[in-house]
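Hi,

Here is the structure I promised to pass on. Have a look at it first, and then read my notes below.

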Amino acid sequence: MLALRNYQDKKIGVFGLAVAGTATVSALVAGGGVVFAWDDREQSRSAFKGHISEGKVRLCEPKSWPWAEMDALILSPGIALTHPAPHYVAALAKKAGVRIIGDIELLCEAQPLAQKIAITGTNGKSTTTSLIGHILKSAGRVAEVGGNLGTAALTLAPMGSDGCYVLELSSYQLDLTWIAHFNIAMLLNVTPDHIDRHGSMEGYVAAKARIFHHQTKQDTALVNIDDDYSCSVYAELKQTSKARVIGVSILHELKEGVFVDKEGLLHDKMIPEHYAVLNLHDIPHLTGRHNWQNAAFAYAACKLYGLTEREIEKGLHSFPGLRHRLQLVATIQGVGFINDSKATNADAASHALAAFSHIYWIAGGKPKEGGIGSLTHLFPNITHAFLIGEAEESFARILEGHVPYTRAHTLANAFALASQRVFSEHKQGAVVLLSPACASFDQWKSFEERGDAFCTLTEQLLESVILRKR
């Protein structure tokens, strides 16, 4: 736990008391700060009340806070800063001239000596962040991994100049950074998402590009050049940034940068010599071209950090993968059961649909803007779709005449129907794939809960198959 001693005796507001907010309060109190805390959700306030005994925490509504004396408001990333309208606590802070920041800013203030590798993008952030952390640790480097990934930034261990924070950052978190400086910053990709929170696509891209603000000539910006939005950021950085700007691609052969060719060979052109570094087809838990992109960014970051090609290759091969992201739960009678619950939009689901053939696809949930119309070129890979949740009817209309489908309503029913069909049709290389292309909130608390349910169903099926064989 970090102690934020630069806030000793200062009055700080903390709004949002989930994991990151609670960690922020603890770090401020440990540093001697005077904290005013609140969460609009009664459940969160009740869970937090144990912290009041720490002495310098006052749980009270923001309207009663001494705004004229406040040094800062630490805002949960989930709270609207500007769009669709500023939350009332943000409006109060702005009216009083109080700066609004997040826990990432606090971490950077408190740990100026440690190196920082920061990762953002619409998709692939968690895998790339975890992969970089894994490679660094497997090579014996001191590293802490957190941020949007799930581990609150202020629960990470303090580190000196020999340590490195590897941070996954969402657009919401980047909106709350003003002086944060990252030694290696990367933009993996940009596709439409969170438009309601940023006002427009331009606002969303601008929030992502904040990751490169305050970089110096000693720093490096790694930018995907395979989508138009990221490419525009790359072009602007080339013109304006003091940092070294390096392109990363899985579609184009680059004269300078890191790219993966059609055969899955990763090439390093960050240095004058051009050579194929390694064959990504050989990496067991990085299936699909989207994971080649993750691997290319991880390679570039770790090479820039000072690792050898051999250290990076060893780390790539030992990476265990992440739950809910193209996770092979089990292979049952030759059929792979794949949990890709993290695929909460069409772009994320496209990677799974491109990685397999003969797919028995479980899709649906709370739909996002754009639906699945962008996936039509991948429909030939789908043998049958099993639709669930609020998106059931809209997905059915798009699939009509192109892909056989069944309205299954629930995940449990979809799993049972998909399992029955896949075992009766005996297609070589078939998979049952949960890749919903939707948020989970219509039927589940989170994509993790949805993915865990799929894993449980798979494990129960595997047990029943084993019992029948005895």
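**Two helices that cross**

Let's start with helix H5 (residues 125-138) and helix H11 (residues 309-318): their axes come within 8 Å and cross at roughly 120 degrees. H5 and H11 are therefore oblique to each other, and the crossing of H5 past H11 is right-handed. On the H5 side, the contact is made by Leu131, His134, Ile135 and Ser138, while H11 brings in Glu311, Ile312, Gly315, Leu316 and Ser318. Sorted by type, the residues of this contact come out as 4 nonpolar, 4 polar and 1 charged. Do keep in mind that this is a predicted model.

**Cysteines**

How many disulfides does a search of the whole structure find? The count is 0. Take Cys164: the closest cysteine sulfur to its own is in Cys302, and at 8.6 Å that is too far for a bond, since a disulfide needs the two sulfur atoms within 2.5 Å. Cys164 is also buried, at 0% relative accessibility. Cys231, on the other hand, is partly exposed, with a relative accessible area of 31%.

**A loop residue**

Last stop: Asn381, which sits in the loop between strand E17 (359-364) and strand E18 (382-388). Asn381 counts as partly exposed, at 22% relative accessibility. Leaving out residues up to four places away in sequence, Asn381 touches Leu353, Ala354, Phe356, Ser357, His358 and Ile359. You can also look from Asn381 to Val403: they are 22 residues apart in sequence, and 9.4 Å apart in space, C-alpha to C-alpha.

Cheers

Technical notes: Residues numbered from 1 in each chain as written. Predicted model: local features only at pLDDT ≥ 70, side-chain atom pairs only at ≥ 80, totals over all residues. Heavy atoms only, no water. Axes fitted to C-alpha atoms, helices over the stretch in contact; angles between N-to-C directions. Helix = DSSP H or I, 4+ residues; strand = E, 2+ residues; numbered from the N terminus. Parallel < 35°, antiparallel > 145°, perpendicular 65-115°, else oblique. Left-handed = near helix turned anticlockwise from the far one by under 90°. Contact = heavy atoms within 4.5 Å. Nonpolar A, V, L, I, M, F, W, Y, C, P; charged D, E, K, R; others polar. Buried < 20%, exposed > 50% of the residue type's maximum accessible area, 1.4 Å probe, protein only.
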